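Subject: Structure handover and notes

Dear colleague,

I am passing on to you the structure that you will be looking at from here on. Please open it alongside this message, since the notes below are meant to be read with the sequence and the model in view.

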Amino acid sequence: MLLVADPPDKEQALREDIRLLGRLLGDVVRARAGEAAFTRVETIRQKAVAFHRADGAGRGAIRQSLDELLLGLQPRQVLEVVRAFSYFSHLANVAEDVHQDRRRRAHRTAGSPPQHGSLAQALQQVDAAGVSGESLKAWLARARITPVLTAHPTEVRRVSILECERAVGGLLRTRDRTELTPDEVAEWDRGLYRTVLRLWETAMLRVARLRVSDEIENALGYYTSTFLAGIPRLHRDAEDQIRPRIGDAYQTLPAFVTMGSWIGGDRDGNPYVNAETLEFAARSQAEVVLRYYLAEAHALGRELSISSRLARPTPELMALAAGAGDGSPFRQDEPYRQALVGIYARLAATAETVCAVSAEPPPMVRQPPYREAAELARDLACIRASLSTHGCEALGDGRLDLLQRAVAVFGFHLASLDLRQNADVHEVVVAELLAKGGTCDDYLALAENERVELLERELASARPLRCEYVQYAETVDSELACLRAAHAVIERHGARAIENYVISKCESVSDLLETALLLKEAGLFVPDADGRPRALALNVVPLFETIADLRQSPEIMAAALALPRYRAWVAERGMYQEIMLGYSDSNKDGGYLTSNWELHKAQIRLIETCGAAGVTPRFFHGRGGTVGRGGGPSHDAILAQPAGSLALGLRVTEQGEMISAKYSDPALGRRNLEAIAAAALEGGLVPALPEGELDPAFHETVEALSGIAYRAYRSLVYETPGFEEFFRAATPIRELSDLKIGSRPASRKASSRIEDLRAIPWVFSWSQSRLLIPGWFGFGTAVTEWLAEHPDGLARLQEMNRRWPFFSTLLSNLDMVLAKTDLGIASRYAELVDDVALRDGVFARIAAEHAAATRCLLEITGQSTLLEANPTLARSLRDRLPYLDPLNHLQVELLRRFRSGTDDESTKRAIHLTINGLAAGLRNSG
């Protein structure tokens with residue numbers, strides 16, 4: 001096999017692209033803001049670089065000089081400087097993404113071995129493990145891999161900015177893949193300059209807070225750019241690689257990669273999500289997918305100009321053509337075109353019926369709408385089968401094949417919408433329904449066993465609790481309205497349109513049964529007349545979020561599965577139970593090490609619990625972007641899951657700015673989708689070393705480390721007097737709450753307590769100030785104290801890093817977040833804390849813990865420096881820090897001005913621009 005020969009410096013092309021984009025941005029700054037503005041930006045950059053590189057003793061003078069420069073900036077100058085550094089971060093991200101694609105293409109062109117994270121490599125691992133074709137076929141038949149898009153408020157890029165970035169990326173790729181003439185080079189240069197100029201002239205900030213409808217429409221843009229074409233192509237490429245392993249008789253793979261969404265259905269803590277937004281989301285999603293089908297069917301009609309005078313289609317195809325009602329004399333010998341005229345007309349009628357959309361161009365004939373996507377699939381299959389009978393199979397392998405796969409994946413619903421609500425809301429609603437229905441005066445006062453007994457009785461009865469003549473609290477009406485809307489959506493768009501109901505803060509069996517009772521009120525569960533259990537229309541999905549919830553989750557599920565009614569629901573849905581695991585809140589609750597360990601342990605115990613009941617779990621991972629919220633490379637994280645956790649694939653949230661980082665570009669989106677699918681396939685068929693085969697000392701060690709880390713983290717965050725004051729002063733959390741980046745409030749309640757703050761802004765704020773303590777605090781203390789008790793323990797930790805994917809992945813992510821932490825810059829944020837004693841005391845603890853965590857990590861991994869094992873990321877950080885650091889310095893100065901009373905609109909805008917630029921530069925900040 002020919003191996004790719006890396007160029008002497010494989011990063012040279014990237015550096016050239018970054019220099020080119022930086023130069024063009026500089027040209028734009030000169031043209032639009034003047035030479036003095038350009039010089040000002042460059043001077044600040046140089047001083048920030050010097051500050052970053054200087055040691056402790058040399059930083060004082062540089063810092064004073066930098067402060068003098070920043071203090072002298074007028075509001076207009078501040079905005080120019082902030083915008084310049086922010087836009088550079090965006091452009092550098094584009095260059096990196098293009099370069100990653102460039103390197104992958106170079107490897108494929110040279111015939112290199114399959115790269116890490118590819119389906120080809122995963123299948124090699126499957127082959128090496130001796131997995132049979134039947135086993136591979138069986139796993140693909142039942143497994144589902146589903147990225148679920150959410151609208152959590154860390155996405156700070158506008159769609160207009162994303163469009164500019166896509167245009168820059170497209171131009172860079174065109175130059176890479178096309179031999180341009182001198183005239184074309186000149187036009188390419190002008191085009192790139194125009195695009196950078198357009199980026200500069202496009203406002204980075206929104207003028208109004210996003211509504212839920214805006215979030216829905218923004219997310220749908222990723223389907224148009226990436227998912228609608230990318231997922232069918234991924235399936236086709238996967239099938240080409242898998243078919244030889246399972247035999248040609250297995251013609252088409254199931255749609256094992258699908259899409260999900262929370263946007264419009266996630267009511268937890270968002271008062272703006274209601275029945276109307278749910279219906280709007282479903283209707284908008286249907287519109288996008290039906291418009292796509294209409295365009296593809298129209299294009300397919302142009303392509304399939306096969307004449308019946310030259311080929312003999314099947315009788316089924318001729319019947320489909322005849323039924324279209326196409327009387328055009330120009331197509332009387334073109335039955336495929338006639339058939340597609342009918343298909344197009346039925347799609348047009350479907351679009352009109354389902355979402356009040358008129359097809360463009362209008363249909364040539366009138367036909368009834370499709371009742372379900374399966375009817376469209378049958379019509380397309382008829383065309384495909386006919387083509388194969390007269391030597392035209394190849395004509396079915398292009399657009400038609402991809403359209404068939406799209407219908408299998410997206411149906412008429414595009415993505416399955418999840419419903420989500422907090423269990424606390426459910427119990428309040430149920431309590432009022434029971435009280436006003438005369439069943440129980442004080443449900444909230446009942447013990448858990450009494451609640452379960454009462455709920456089981458109610459679930460056996462077909463009698464509804466709500467009476468239309470009784471007045472209820474607004475919450476009751478709103479919740480039931482959402483569920484009735486869900487019922488209507490399923491009736492209109494099909495059962496796949498809404499499949500799951502996620503229960504946040506699930507702490508008991510009664511939380512599960514309360515949800516079922518509310519579904520019954522909306523007709524989504526109707527018991528038989530004799531009270532026998534029947535299937536729920538939705539999967540009831542418990543979300544275990546806090547450390548305590550994770551620890552008790554196996555007992556909750558064991559008790560639920562022991563109830564005949566609940567078990568019958570699970571049986572009706574295929575004997576699988578979906579369980580969601582919350583990374584964000586468990587981290588905020590217990591810190592990085594404890595959160596990861598409790599999540600890992602919970603999966604092991606839940607697999608055992610479900611297995612004992614004859615049920616297979618499918619895990620839904622509520623991961624965010626940053627390490628503090630379960631982030632890090634998705635492929636490695638999936639492979640580090642316990643054996644048995646991927647038996648049915650997985651669902652995983654894609655949140656905030658990570659959606660645009662992963663999926664804004666089609667090539668990048670394809671790579672990320674493939675990485676998730678490859679890891680799930682490999683982990684599902686060739687799991688990591690079973691936990692039972694690990695040295696028992698490994699588990700004992702992490703258990704001990706977790707206990708120490710938990711105490712250290714809780715001691716700082718929840719037990720240190722004044723820590724909340726430190727957090728709110730030393731990070732931009734207050735200002736972040738005003739940034740118009742999402743519809744959801746930053747806190748669950750009208751409270752300043754850390755306990756009530758959402759985990760996402762908690763992590764996002766620490767990222768902005770470059771401390772990132774949710775991603776590492778407690779680890780250094782844990783290892784230091786454990787090694788003091790086990791003097792020979794370092795060798796064990798090193799062995800755990802070599803042999804245990806869970807531990808090595810934990811350390812790899814820790815390595816990344818420690819490298820992104822900058823105590824020098826963080827110390828500047830700490831100076832915003834007015835209480836000197838509090839500031840010095842808390843910051844000294846944080847600095848000491850960072851030093852200990854870094855030292856311990858290097859000892860365990862054997863690295864001499866952070867990120868030594870990941871030179872690509874190390875290079876990326878090294879290249880971008882000179883442009884990130886100035887934004888931090890500017891943000892500190894702006895926060896100081898703002899909090900001192902300079903609260904004019906330009907100051908607020910500049911603060912928000914720094915937040916935007918830092919989020920873009922750090923990439924996985926929330």
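What follows is an account of what was found, beginning with the chain as a whole and going on to single places in it.

Please bear in mind throughout that this is a predicted model, and that the values below were computed from it.

**The chain as a whole**

The secondary structure comes to 37 helices and 8 strands. The radius of gyration is 29 Å, close to the 29 Å that the globule rule gives for 926 residues, so the chain is as compact as a globular protein of that length. Taken along the principal axes, the C-alpha atoms fill a box of roughly 85 × 80 × 60 Å.

Of the 926 residues in the chain, 59% are buried, and the accessible surface comes to about 35,200 Å², with 52% of that area belonging to carbon and sulfur atoms. If one takes the contacts between residues at least 6 apart in sequence, 82% of them join residues at least 24 apart. As for charge, the chain carries 108 positive and 122 negative side chains, and the centres of these two sets lie 4 Å apart.

**Arg-420 and its polar contacts**

A charged residue that may catch your eye is Arg-420, which lies in strand S3, made up of residues 416-422. Its relative accessibility is 4%, under the 20% limit, and Arg-420 therefore counts as buried. Which side chains does the side chain of Arg-420 meet in polar contacts? One is the side chain of Asp-266, at 2.8 Å, and another is the side chain of Ser-504, at 3.1 Å.

**Helix H34**

Helix H34 spans residues 823-830 and is mostly covered, with 6 of its 8 residues buried. The buried residues are Gly-824, Ile-825, Ala-826, Arg-828, Tyr-829 and Ala-830. At the N-terminal end, H34 is capped by Asp-822, which has a side-chain oxygen 3.0 Å from the backbone nitrogen of Gly-824.

**Backbone features in loops**

Three places in loops deserve a look at the backbone itself. The peptide bond from Glu-360 to Pro-361 is cis, with omega near 5 degrees, and Pro-361 is found in the loop between helix H12 (335-355) and helix H13 (373-387).

Leu-414, although not a glycine, has a positive phi of about 75 degrees; this residue sits in the loop between helix H15 (399-410) and S3, and with a relative accessibility of 1% Leu-414 counts as buried. Leu-867, likewise a residue other than glycine, has a positive phi near 65 degrees. The loop that holds Leu-867 runs between helix H35 (836-861) and helix H36 (871-899), and Leu-867 is buried, with a relative accessible area of 4%.

**Loop residues: cover, contacts and distances**

Is Thr-202, in the loop between helix H8 (182-201) and helix H9 (212-246), buried or exposed? At 13% relative accessibility, Thr-202 counts as buried. Leaving aside neighbours within four places in sequence, Thr-202 is in contact with Arg-83, Tyr-87, Arg-158, Ser-160, Ile-161 and Cys-164. Thr-202 and Cys-467 are 265 residues apart in sequence, and their C-alpha atoms are 53 Å apart in space.

Tyr-469 belongs to the loop between helix H17 (448-460) and helix H18 (474-493). Its relative accessibility is 73%, which is over 50%, so Tyr-469 counts as exposed. From C-alpha to C-alpha, Tyr-469 and Ser-261 are 35 Å apart, with their positions 208 residues apart in sequence.

Arg-496 is placed in the loop between H18 and strand S4 (500-504), and at 33% relative accessibility it counts as partly exposed. Not counting residues up to four places away in sequence, Arg-496 touches Val-407, Ala-408, Val-409, Phe-410, Gly-411, His-413 and Ser-416. The C-alpha atoms of Arg-496 and Phe-85, which are 411 residues apart along the chain, are separated by 45 Å.

With kind regards

Key
Residues numbered from 1 in each chain as written. Predicted model: local features only at pLDDT ≥ 70, side-chain atom pairs only at ≥ 80, totals over all residues. Heavy atoms only, no water. Helix = DSSP H or I, 4+ residues; strand = E, 2+ residues; numbered from the N terminus. Rg over C-alpha atoms; globule rule 2.2 N^0.38 Å. Buried < 20%, exposed > 50% of the residue type's maximum accessible area, 1.4 Å probe, protein only. Contact = heavy atoms within 4.5 Å. Areas by Shrake-Rupley, 256 points an atom, 1.4 Å probe, with all protein chains shown as cover. Lys, Arg positive; Asp, Glu negative; His and termini not counted. Charge placed at Lys NZ, Arg CZ, Asp CG, Glu CD. Polar contact = N/O pair within 3.5 Å; in protein donor to acceptor, adjacent residues only side chain to side chain.
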